[in-house]
Amino acid sequence: MTDFSRRVEQVSISGIREVFEAAGEDAINLGLGQPDFPTPEHAREAAVDAIERGDADAYTSNKGTESLREAIAAKYDRDGTFSVDPENVIATAGGSEALHLAMEAHVDPNEEVIFPDPGFVSYDALTRIAGGTPKPVGLRDDLTMDPAAVEDAITEDTAAFVVNSPANPTGAVQSEADMREFARIADEHDVLCISDEVYEYIVFDGEHHSPMTYAETDNVVVVGACSKSYSMTGWRLGWVTGSHRRTERMLRVHQYVQACASAPAQYAAEAALNGPQDPVDEMVAAFEERRDVLLDGLAEVGLETPTPEGAFYAMPKVPEGFVDECIDRGVVLVPGGAFGDGGEGYARISYATDMETLKEALEIMGEAAAAVR
């Protein structure tokens with residue numbers, strides 16, 4: 001009898017997608033985690049040039065082109081976060097595949113993976129697909145993850161814990177002190193820390209820090225991507241890096257599920273990383289301005305919202321029925337429960353949209369809030 005695996009039966013279609021499908025075609029979509037800026041022109045041109053030269057016609061190395069991996073390593077040197085050997089970088093089909101590789105290479109059946117709740121929807125699903133046991137931990141009042149809560153959750157069955165800063169869905173940014181603690185926990189408990197850093201450049205207050213900077217062992221792997229910082233979500237180009245022994249195991253998974261990342265996307269990503277960074281700075285400045293307008297508008301509506309320090313999401317506390325009322329009125333928000341039980345009573349709002357549309361949405365949200373009170 002043909003049946004389905006228990007792993008896949010534990011996973012459902014993302015609640016985010018369900019919200020999209022329920023909305024009308026003319027709705028204002030504040031649920032989409034995608035920058036509304038074009039991919040930098042020099043990145044586009046690099047892909048076109050590679051295609052016209054015929055360089056994008058064939059498989060690349062499983063790990064990705066040497067020049068892209070060197071560009072990724074140079075990026076970390078330039079940022080002053082940590083040093084990476086290009087040989088220990090794997091170019092992936094977006095940050096999503098990078099997370100998948102990290103899980104598959106390190107999690108055995110029934111082993112636990114600790115992650116933030118609310119947190120990115122893939123953490124729970126990818127844990128289950130790897131045969132592991134999800135172990136979500138609640139967040140502080142400011143929606144950051146408490147290292148003490150992670151440490152308390154570790155058992156002899158724990159394989160890994162996930163850190164995400166800046167975070168989706170909260171926009172929270174972990175402090176340097178927190179990242180030092182996450183590194184210590186990984187070292188002392190001999191547990192892998194998977195650091196999801198795909199929003200690393202979109203920080204408004206404070207600075208981005210990585211646990212890789214502070215770890216004394218190789219118990220940290222870092223996931224990165226061009227998707228958010230360079231507005232390249234459709235290009236599907238990310239990467240994962242760690243020690244040689246860890247990348248070698250992740251490569252075993254990657255070569256069978258993907259072979260290599262898209263060749264044109266690799267050339268585009270290389271140009272994005274090596275080229276002028278002005279488009280990133282301009283995008284981040286625009287997001288910060290929108291964030292401030294959104295926070296002021298939500299306060300006027302009477303919604304309490306922890307101040308997001310990065311990414312392009314805000315997560316206000318909302319009254320019951322608020323999200324449905326907004327959707328009925330043509331503004332798409334994502335209910336916080338889509339990101340875990342800890343998200344109940346919240347909504348995720350993406351401000352990756354133009355200012356005029358954002359202000360229009362705030363007016364509608366005000367009407368929706370009044371209707372459910």
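**Figure 1. The second largest pocket and the residues that line it.** In this predicted model, the lining is made up of A105, H106, T158, A159, D190, V191, L192, N219, R245, R246 and R249. The space inside this second largest pocket comes to about 200 Å³. Three elements, α5 (94-106), β5 and α9 (244-257), each bring at least two residues to the lining. Helix α9 has the largest share, with three residues. By type, the lining of this pocket splits into four nonpolar, three polar and four charged residues.

**Figure 2. Helix α8 and what covers its buried residues.** Here is a helix whose length you can check for yourself: at 1.5 Å a residue, the 14 residues of α8 (residues 176-189) should span 20 Å, and its end C-alpha atoms are indeed 20 Å apart. Which residues of α8 are buried? They are D178, M179, F182, A183, I185, A186 and D187. Their cover includes α7 (147-153), β5 (158-164) and β6 (192-196). Just after the helix comes D190, with a positive phi of about 50 degrees. You have met D190 already, as one of the residues lining the second largest pocket.

**Figure 3. The largest cavity and its lining.** A search of the whole structure turns up one cavity of 30 Å³ or more. The largest cavity holds about 80 Å³ of space. Its lining counts 15 residues, and those nearest the centre are P116, M145, N164, A167 and Q174. Nine residues of this lining are nonpolar and six are polar, while no charged residue takes part.

**Figure 4. The largest nonpolar core, with L294 in focus.** This core has 103 residues. Those touching the most other members are L30, F161, I194, L294, F322, L333 and M365. Helix α13 (residues 355-372) gives the most to the core, namely eight residues. Another core lies apart from it, with six residues, among them L143, V334, F339 and Y346. Turning to L294, its contacts are A314, I349, Y351, L358, L362 and M365, leaving aside residues up to four places away in sequence.

**Figure 5. T127 and its neighbours in contact.** Find helix α6 (residues 121-129) and you will find T127 within it. Is T127 buried or exposed? T127 counts as buried, because its relative accessibility is 0%. Not counting residues up to four places away in sequence, T127 touches M103, V113, F115, S122, G132, T133 and P134.

Note on methods. Residues are numbered from 1 along each chain as its sequence is written. This is a predicted model: local features need pLDDT of at least 70, side-chain atom pairs count only at pLDDT 80 or more; totals for chains, interfaces and linings use all residues. Side-chain values use heavy atoms; hydrogens and water are left out. Helices (H or I, at least four residues) and strands (E, at least two) are DSSP runs, numbered from the N terminus. Buried means under 20% relative accessible area, exposed over 50%, partly exposed in between (1.4 Å probe, protein chains only). Contact means heavy atoms within 4.5 Å. On a 1 Å grid over the protein atoms alone, a cavity is a set of points where a 1.4 Å probe fits but cannot get out, and a pocket is an open set with protein on both sides within 12 Å along at least five of seven lines; lining residues have an atom within 4 Å of a point. Grid points are joined across faces, edges and corners, and a volume is the space filled by probe spheres set on the points. Ala, Val, Leu, Ile, Met, Phe, Trp, Tyr, Cys and Pro count as nonpolar, Asp, Glu, Lys and Arg as charged, and the others, Gly among them, as polar. A nonpolar core is a set of buried Ala, Val, Leu, Ile, Met, Phe, Trp, Tyr and Cys residues joined through side-chain atoms within 4.5 Å. The expected span of a helix is 1.5 Å times one less than its number of residues.
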